[in-house]
Amino acid sequence: MAYFFPSLVERPVSDSFCKKEDCAWFLKKVAENRSAVKPWKLRTEKLVPLLRPYQEDAVRFMISREVDPSVEQLFNPISVLVPTHPSFTFYPATGGMSLKPVDPFKIYPGGILADEMGLGKTVEFIALALTHQRGSSVFLETKKSIKPDIIKIILDELVSTVVAGLETQHLPLKKGRKRSLCLYDITESENTKRSRKGLPSDDGSLLNTVTCTSCNRVCKKESVFWDKFPSDSVEFHCPECISSNEELVQLRTSLIIAPSTICRQWYEELKRHVRADIKVDLYRGVAVDGYKHPAYLACQHFVICSFETLRSEIHFTDVARKNRGNITKFLSLAGTLRKKTALYAPSPLISVEWWRVINNFTRSVCLDEAQVVEGVTCCAYQMCQKLAAVNRWCVTGTPIKNSVMSSGIKVADQWFISRNGCCIFVSFTQVYNFEDLFGFLNFIRVEPFCYRSWFDHVLWDSYIRGDPSMLIKLFSQILWRSTKADVVDQVKFPICFAVIILKLFQLFTPVRAKDLTVLHLSPFEEQLYRNLFTSRAREKIAGKLAEVSSFAGVSLDICLSDLHGALFDRVMEPLQNVRSFVVLPGLQFAKVKNDLSSKEQLQEELFKRTTTEIEKAQRDLMFYYNGIAGLHWLLGQYYDALSFYHCALESVDVLSNENVALNLSAVKGPYRKLRPDRLQLIHTLNGLLELKEQNKVSKDDFDKDLAKKRLKDLVDEHMVQATDLLKSAQQRNTSLLADNTEKWNSMHSSTGWLVCAANSATDSKIQATFVEAIKSALDVYSRVEIKVRDLNGLQYLAVQRWDELTNSFKTVKKLTEDFCSGLFSPGAMSKVEEVIDCHFVERNENRREDRCSLCMYDAELRRFESLLYFKTVKRKTLDELKEEENELEKSSNGEQSISTLELVIRIFRQTMMRRSDSFSKELLDFASETVLLMNLFKDFLKEAKKLMLAFYDYVARSDELRQCKIRISYTDDENIRYRSEANSFLCTPGSEKAQITCYEHLLASTKDKQLFLLSKLRYLNKLRHETAIDCPVCYERIQRTWLVFPCAHCICSSCYDGISRRRLRERIRCPVCRYEAHVCSITFVQSTSVSETHHYLDLSSVALKKEASVKLNAVVRRILSIGQREPAAKILLFTSLINIISFICKHLEANEIKFRNFAQANKEKALLEFCSNPDVQVLVIPTSCGARGLNLTVANHVIFVEPQLDATQLAQAIGRIDRIGQTRKMMVHHFVMFGTIEEQIYNNVLSPMSERWTVRSLLNLMCMCYFYYTLEYPE
């Protein structure tokens, strides 16, 4: 456009981006460009506290914004009329075009109150509401203000504080039972006439009703809060008429919207800071309290609503469609017995205009903690846009987070709908995370910058090009902010009773101190922390973070604050896990996750894990030795094969020697002895004996007889458990079948009594009793496959199913007897080989599928189980169970429900027992015997399944012994390229040497790993016995500090200093095993006595009753010390790790510390008890939901369990106690673990040059810790 009309439109400047500026610089520039406020006269006679000068200036600024909301024009021209045919309007700022000119832009009254946390924004807003009132004008102050009466202020504050506290305690702590969401119309014509004449109805039903003057609809007074205020002289309009009327109801009330956690705080401060009896309503929504009529709301001075309530109210904004359907239904039922219908109640919040301008009365919508509605897509924001108000104010302590700018930029095209309905296509640059500023402008409706395109092109584009003048100029006219640094001289002496007493004694003002407690991981926790950063963990971390790049338009350079929902949780999960493990290292173990972990538990779990890793490495070693030996055998190199078999045996001796050295002799438990893999050892011995028997080697000192004896012992040891289990199952089945022979013989006639009993019931005319009882039972168990009409069909069905059950039992009984008799007979091995061939040998495609005896037995058991139980869960087949051997016993049970046959028999017997006078004793005995037989069937099925599974386990172990005798052989399949469990014994001709080389490389790495793990186990064993450690270099006893190499060998710090200075390299060899390690992987360790030395703030007399981790012990010790030093002190315990809050609470409870958990469902109750109960010392608060808006000056200590990622949240959390009204010395406690990821986080957040957290910086942080705590390091 500038090319065609250069005289009308200026050519845009080129893009040149400026560097990132922080919010402090931006807010400072805004304050410097702010104009002086007019000296408006403030009406603060009813305000209890005395306003400080900066508060008076803030109130006068807000009055100016309400009286004259105009702002200085930032640029010219806004629009240009292009002289074409036809002419059109062009907007240079946005590039938009319109055939019709847009109406002049309007600036609505209101603004942003952004005083720093704790400077009294609530008092400033109350002063504004008291000064700018209806029916009175605002004048400039001409006389000097009168000096306040301090004594009167003290008395008023004492009285108002007590009254406000009592009234606040009577507020409901949680949402009560939902009231009816409807209004009732009374359609009696006579009653309607009598109500119009003011006469009561005959039954008195109209005494509690009110009639709409517009539509004559009658509503109950209690359903619209008409009985909650003097309403005799007020004209009533029903909610339906109010919501359908385009003219909004003008109110005199201020609406305050705040988070639910501080709504009670707003109520208390309004009552406490105003001398007069003001009316404050706590609006909880239509869904909880019902419809609050606008006339009732007009009688209130303030209405407080939470953001959660505001979100739920969006569902009640459009109820006209539902009500139309109800009215239609009501008209169709006219003249019927139904006399009333229900109408949904609309939300009254959008039917009124808060702050009626017509009567010159100031009314405002105050948005406290406005960050909650910064996003323009949330329900709370959409509901705020529906609210009608003359003045709109945003109240927040942090108007922007960290930085005005962001690091991510993307270009987008969007259709913009202008105010006169014309569509304008706009191409604009969207910058992430500028919703802070734009959200404020959008809410207070500063046109035209409340529209996205205008904000982007006029304000934001100029800012990122290096010209922030327009953005600063605009916000300097609508935003007021005072910081504690600017008004420190004015907040020295708060005007309250306690501080005046302190002033009389010439005491200084409360100050805030900060303490950093640096902790060291215990040696065991150090090892656990190292285990986090393994190769597998690194791959998992990198995979989690790399998932972000899979989302369209999202890169690794995006700020973490721009991620929301599941994506943010997925990115933060690895970091949060590491931070949780630093606080409580025992979370790595499943056993400890359900309870607090002591030092002994950590020792046991870590020793057990290391033992398991050593045994796994030993199994891999023997596998590689046996594989290389088999390959040499194929090549005819028999002596080489023999040497590798001997190496495999020597690796077993290493474990035996280690057991002796570490004094490990237990068979079970965490400190059991190291065990080699039995199957790999059997394979080695089989290979050695086969070499000897085939005379492949002539000279060898190998003892053949000793090897055979050792092999026999290993085979017996491998089979003993399965053999004992099989023998036990065989004996139980044999005994069960033999002990109940008589019952098995009589089972064919066990249901003959049912026919006789049915006949007797028919003769006694009680057949209906049996039918009803059986029907009820079938309905309870949801059995719809049987329709019971009489006993004749029922007895026939029962007898038929009983015959099927007994026939199946006979078949299973015969198979069980055959199994039990032939298990350990001379021909039993043929049955075992048959099962092995069926289930464990890989089948060829052309092989015939023959079912073995175990398959047939399993099939009969399944059929018998399906008849004995109702719809049993389909059990896995034996081949499926082979892959999940640990679930054999679990899968054999299944979910079993009583069968329909058994249900009928039991109900029939119970009914017979109740009506025993109609049946003989012989019939009752027969019925009891049948029920007993059903129980025997269940016992038999259970034992038969155990027998089958025991035999299956026996066959599986036999197959393992069979596979131990298989060596590597040749195959013609050219597709076999890689080793796997299925083809590890196959080899293609010509690939022997390549496979030997591959195995040798794997063997070397596994040896290093085993040496590292064995050294680690020795180090843990030393720590377990708490024996003194001697330095292997100087042979001096290590007293306080030492360094641990990755191989777990230790040297004193002085010897390490000498080695590191002499060898100025990045890698240093261990003086014991010569293992070369990077300097970053060497760990500095302090002894337990040093790591647990008390901080100067901790009392030496404090003793913990139960210990957990080093960090939790330090936090609890600090809390106990504060309690002894300051009995009246209260503490806020902040943590951003939600998953450890329960463990923190358990640890506090174990040490008898009274606390409340703000993360629980009823937050208001926890907050009230913490503030009012002097015995409650600690409030555990999640940083995400408790660090904003709360006034907790009752506490004077803040403890952060871990460093916070966000400096803004850190400041917000501290601001809960560092605010006006705090009279005691404040202390902020930080706990940081030295040498962990917490150290980097703490330094990054407090650094003045720190950048915002991005996905890439997070990935770099995790990878840096990985390289620091592992053997690998980037070249």
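**Exercise 1. Decide whether Phe1234 is buried, partly exposed or exposed, and find the patch that Phe1234 helps make.**

Step 1. Phe1234 has a relative accessible area of 41%, so Phe1234 is partly exposed. (Buried means under 20% relative accessible area, exposed over 50%, partly exposed in between, with a 1.4 Å probe and protein chains only.)

A quick note on the ground rules: this is a predicted model, where local features need pLDDT of at least 70, side-chain atom pairs count only at pLDDT 80 or more, and totals for chains, interfaces and linings use all residues. Residues are numbered from 1 along each chain as its sequence is written, and side-chain values use heavy atoms, with hydrogens and water left out.

Step 2. Place Phe1234 in the chain: it's in the loop between strand S34 (1226–1233) and helix H42 (1237–1246). (Helices, H or I with at least four residues, and strands, E with at least two, are DSSP runs numbered from the N terminus.)

Step 3. Together with Leu516 and Val518, Phe1234 makes a nonpolar surface patch of about 250 Å².

**Exercise 2. Work out how the rings of Phe819 and Phe951 are arranged, and what the pair ties together.**

Step 1. Start with the whole structure: a search turns up 29 aromatic pairs. (Rings of Phe, Tyr and Trp, the last by its six-membered ring, pair if their centres lie within 6.5 Å; planes under 30 degrees apart count as stacked, over 60 as edge-to-face and the rest as tilted.)

Step 2. Phe819 and Phe951 sit 5.2 Å centre to centre with 85 degrees between the planes, an edge-to-face pair.

Step 3. Phe819 belongs to helix H27 (residues 791–821) and Phe951 to helix H33 (residues 921–964), so the pair ties together parts 132 residues apart in sequence.

Step 4. Check the surroundings: Phe819 and Phe951 are both buried. The charged end of Lys831 also sits over the ring of Phe819, 4.6 Å from its centre. (That takes NZ of Lys or CZ of Arg within 6 Å of the ring centre and within 35 degrees of the ring normal.)

**Exercise 3. Say why His1197 counts as buried, and list what His1197 touches.**

Step 1. His1197 lies in strand S33.

Step 2. Its relative accessible area is 5%, so His1197 is buried.

Step 3. Leaving out residues up to four places away in sequence, His1197 touches Ile1122, Glu1126, Ala1129, Lys1130, Ile1131, Leu1132, Ile1217, Met1227 and His1229. (Contact means heavy atoms within 4.5 Å.)

Step 4. Pick up Lys1130 from that list: its charged end sits over the ring of Phe1170, 5.0 Å from the ring's centre.

Terms used:
Patch = residues over 30% accessible without salt bridge, like charges linked within 9 Å, V, L, I, M, F, W, Y side chains within 5 Å. Areas by Shrake-Rupley, 256 points an atom, 1.4 Å probe, with all protein chains shown as cover. Salt bridge = Lys/Arg side-chain N within 4 Å of Asp/Glu carboxyl O.
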